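I sat down with this one over coffee and kept a running notebook. Here is what I looked up, entry by entry.

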Amino acid sequence: MDDSSDLRPRLASASRSTLAIITDPSQANPFGSIHGGVILRLADECGALAAFRHSGGPMVTTAAIDGFSFIEPVHVGERVELISEITYVGRTSMEARIDVYAESMSHPNPRKVGSGYGVYVALTALGKPKTVAPLLSETQDDARRDEAARARQAARLARRDAERQ
Ligand SMILES: CC(C)(COP(=O)(O)OP(=O)(O)OC[C@H]1O[C@@H](n2cnc3c(N)ncnc32)[C@H](O)[C@@H]1OP(=O)(O)O)[C@@H](O)C(=O)NCCC(=O)NCCS
């Protein structure tokens, strides 16, 4: 998809993206837990992947990362897997839900360690916000997803406007 994009509505599932790493000591704090900033960076990258999939590129930028909860610590040597999916689309912006799982290599059994949202804006090759395809809404679950996401986005924009002053 280029700037003359296909703007037919797209399923959220088509944007589903994953990212996985094995953590190493350079990513840990003195207590052996992985820095929250390391997880946030991965979350941002994984959310951006979903935004790329939905928008078709050529660029996206991060407008906000919020509502992120670190549920359990992640330890050195664990496999971390992130899964993202678009949960809201405005005109040029897209919200991705990002879930993070970790598992020990010796006892593989993924546990959820974090979750949050990223908002990405699709950009043209010239760096201007670009219209993206709407998110397909077919079921009652989709309608509930849309309503909750609209409320989150309204709260974000109110926060952004307050912070700009
Ligand atoms: C994100 C950015 C492009 C928005 O630019 P802008 O001049 O505010 O443009 P607009 O007002 O047209 O906003 C574009 C879209 O982003 C949304 N948006 C902007 N700021 C937002 C925020 N803080 N939270 C949620 N959505 C936001 C707007 O609602 C709009 O959505 P819509 O088109 O779906 O209605 C601009 O603020 C920017 O470049 N920020 C820096 C990005 C960055 O450096 N990120 C880190 C590295 S990737």
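The entries below go from helices to core to ligand.

**Entry 1: what I am looking at.** I note at the start that this is a predicted model.

**Entry 2: helix 1.** I began with helix 1, which covers residues 36-55 and has 20 residues. From its first C-alpha to its last I get 28 Å, close to the 28 Å expected at 1.5 Å a residue. I then looked up which of its residues are buried, and found I39, L42, A43, D44, C46, G47, A48, L49, A50, A51, H54 and S55. What do the buried residues of helix 1 pack against? I found strand 1 (17-22), strand 2 (59-70), strand 3 (79-89), strand 4 (93-103) and strand 5 (111-123). Right after helix 1 comes G56, and its phi is positive, near 80°.

**Entry 3: helix 2.** Next I checked helix 2, residues 140-164. Its 25 residues should span 36 Å at 1.5 Å a residue, and the end C-alpha atoms are indeed 36 Å apart, so the two agree. Is helix 2 well covered or hardly covered? It is hardly covered: I count zero buried residues among its 25.

**Entry 4: the core.** I moved on to the largest nonpolar core, which has 30 residues. Inside this core, A51, I86, M94, A96 and Y120 have the most contacts. Helix 1, strand 3, strand 4 and strand 5 each supply at least two of the core residues. Helix 1 gives the most, with eight residues. As a reminder to myself, nonpolar side chains tend to be buried together in soluble globular proteins.

I picked M94 for a closer look. Leaving out residues up to four places away in sequence, M94 touches A51, H54, S55, I86, Y88, V89, Y120, A122 and V132.

**Entry 5: a glycine in strand 5.** G114 sits in strand 5. Why does G114 count as buried? Because it has 22 C-beta neighbours inside 10 Å, and the cut-off is 20 or more. With residues up to four places away in sequence not counted, G114 touches I39, F68, S69, F70, I71 and V100. I also looked up R8: it lies 106 residues from G114 in sequence and 32 Å away in space, C-alpha to C-alpha.

**Entry 6: the ligand.** Last, I listed what surrounds the ligand and got 14 residues, the closest being A63, G90, R91, T92 and S93. Strand 2, strand 5 and helix 2 each supply at least two residues of this shell. The largest share, four residues, comes from strand 2. Sorted by class, the shell has six nonpolar, five polar and three charged residues.

Conventions. Residues are numbered from 1 along each chain as its sequence is written. This is a predicted model: local features need pLDDT of at least 70, side-chain atom pairs count only at pLDDT 80 or more; totals for chains, interfaces and linings use all residues. The expected span of a helix is 1.5 Å times one less than its number of residues. A residue is buried if 20 or more other C-beta atoms lie within 10 Å of its own, exposed if 12 or fewer, and partly exposed in between; C-beta atoms are placed from the backbone. Two residues are in contact if their C-beta atoms, placed from the backbone, lie within 7 Å. A nonpolar core is a set of buried Ala, Val, Leu, Ile, Met, Phe, Trp, Tyr and Cys residues joined through C-beta atoms within 7 Å. A residue is near a molecule or strand if its C-beta atom, placed from the backbone, lies within 6 Å of it. Ala, Val, Leu, Ile, Met, Phe, Trp, Tyr, Cys and Pro count as nonpolar, Asp, Glu, Lys and Arg as charged, and the others, Gly among them, as polar.
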